[in-house]
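Q: Could you take a close look at one part of this structure for me? I would like to follow one buried position outward and see how its surroundings fit into the rest of the chain.

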Amino acid sequence: MASFSYLWNHRARFTIGSKNFYRAWGKRFFSFQELLYLNWRRNVLVWSGAKIEDTAEIGKVSIIGHKNLLSVGSSSFIGQAYIALHDCVKIGERVCINDDVKILTGSHNVSSSKWDQTKKEIIIDDYVWIGTGAMILPGVHLGRGAVVGAGAVVSKSVEPGGIVVGNPAKVIDKKRCDGLDYNPCEFLSSNRAWLLG
């Protein structure tokens, strides 16, 4: 959920006693426990050094490593994902990361007799959509509007608007449309209860 302070300051307001007033506050009441829980999770990440915009939605994500290596842009959504922060993960604006996605910035060098660890940052530009169960490997840059199909394993960067599927992920001929203008967070009912009533 967006931060509580953002939702409170931008909440839809209705005349006290009106039908819309009671409807809005009824929805808010029933989503309040989830709002508190997710805001607590967000605050723990921010207090640990992560840079998360107020309108970003952070679900039950599992994050290992130094939280200051994570940045999440406005109106981006991260579901029940796993992020290994051996290096930076930079997530742009209006990104949608579905459940069971794994973002891995570290691995091991199979050519090394010591099995040395390797690490590289991952950059996810604005409007990227990563489907359920996909895996993003170290050093990948997903260009603006790229789509990663469900279950894909991405080891190479994807151009803006590119669509990749499979294991290993391969680019398909189809491209994403130009002029993207949506907010993946606006579909969440808990946000709608506060912002629209």
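A: Setting aside neighbours within four places in sequence, Ile-124 is in contact with Lys-90, Ile-91, Gly-92, Val-95, Ile-97, Ile-103, Ile-130 and Leu-142. Please keep in mind as we go that this is a predicted model.

Several of those names come back when we turn to the largest nonpolar core, which has 34 residues. Ile-124 is one of the four members that touch the most other members, along with Ile-97, Ile-130 and Leu-142. Four strands, β4 (70-72), β6, β7 (89-91) and β12 (122-124), each supply at least two residues of this core. As a general background, nonpolar side chains in soluble globular proteins tend to be buried together.

Lys-90, one of the contacts of Ile-124, also takes part in a salt bridge. Its partner is Glu-121, and the closest N and O atoms of the two are 3.4 Å apart. This pair links distant parts of the chain: Lys-90 sits in strand β7, while Glu-121 belongs to the loop between β11 (117-119) and β12, 31 residues apart. Glu-121 counts as partly exposed because its relative accessible area is 29%, and Lys-90 is partly exposed as well, at 38%.

A search of the whole structure finds two salt bridges, and the other one is worth a visit too. Here the side chains of Asp-181 and Arg-94 meet, at 3.8 Å from N to O. Again the link is between distant parts of the chain: Arg-94 is in the loop between β7 and β8 (96-97), and Asp-181 is in the loop between β19 (170-171) and α3 (189-195), 87 residues apart. Asp-181 has a relative accessible area of 64%, so this residue is exposed. Arg-94, at 25%, is partly exposed.

Now for the cysteines. Cys-96 counts as buried because its relative accessibility is 15%. Cys-177 is in no disulfide, and the nearest cysteine sulfur, that of Cys-96, is 15 Å away. With a relative accessibility of 53%, Cys-177 counts as exposed. Over the whole structure, the search finds zero disulfides.

Strand β6, which we met as a supplier of core residues, also belongs to an open sheet. Five strands form this sheet in the order β3-β6-β9-β14-β17, with parallel pairing. Its edges are β3 (62-65) and β17 (153-154), each of which pairs on one side only. As a general rule, strands of a sheet pair through backbone hydrogen bonds, either parallel or antiparallel. Between β6 (residues 82-85) and β9 (residues 102-104) there are three bridges in the parallel sense. Within this pairing, Ala-84 has Leu-104 in β9 as its bridge partner.

If you leave β6 towards β7, you come to His-86, which is found in the loop between those two strands. Its relative accessible area is 31%, so His-86 is partly exposed. Apart from neighbours within four places in sequence, His-86 is in contact with Leu-69, Thr-105, Gly-106, Gln-117 and Lys-119. Trp-129 is 43 residues from His-86 along the chain, and their C-alpha atoms are separated by 23 Å.

At the edge strand β17, have a look at Ser-155, in the loop between β17 and β18 (163-165). Ser-155 is partly exposed because its relative accessible area is 42%. Leaving out neighbours within four places in sequence, Ser-155 is in contact with Leu-137 and Val-140. Gln-117, a contact of His-86, lies 17 Å from Ser-155, C-alpha to C-alpha, with their positions 38 residues apart in sequence.

One further loop residue is Thr-55, located between β1 (51-52) and β2 (57-58). Thr-55 is buried because its relative accessible area is 16%. A polar atom of the Thr-55 side chain lies 2.9 Å from the backbone nitrogen of Ser-75.

Finally, here is the wider setting for all of this. The chain has three helices and 19 strands, and 44% of its 197 residues count as buried. Its C-alpha atoms fill a box of roughly 70 × 40 × 20 Å along the principal axes. Among contacts between residues at least 6 apart in sequence, 34% join residues at least 24 apart.

Definitions and conventions: Residues are numbered from 1 along each chain as its sequence is written. This is a predicted model: local features need pLDDT of at least 70, side-chain atom pairs count only at pLDDT 80 or more; totals for chains, interfaces and linings use all residues. Side-chain values use heavy atoms; hydrogens and water are left out. Two strands pair if DSSP finds at least two bridges between them. A nonpolar core is a set of buried Ala, Val, Leu, Ile, Met, Phe, Trp, Tyr and Cys residues joined through side-chain atoms within 4.5 Å. Buried means under 20% relative accessible area, exposed over 50%, partly exposed in between (1.4 Å probe, protein chains only). Contact means heavy atoms within 4.5 Å. A disulfide is a pair of cysteine sulfur atoms within 2.5 Å. A polar contact is a pair of N or O atoms within 3.5 Å; within protein, one must be able to donate a hydrogen and the other to accept it, and residues adjacent in sequence count only if both atoms are side-chain atoms. A salt bridge is a side-chain nitrogen of Lys or Arg within 4 Å of a carboxyl oxygen of Asp or Glu.
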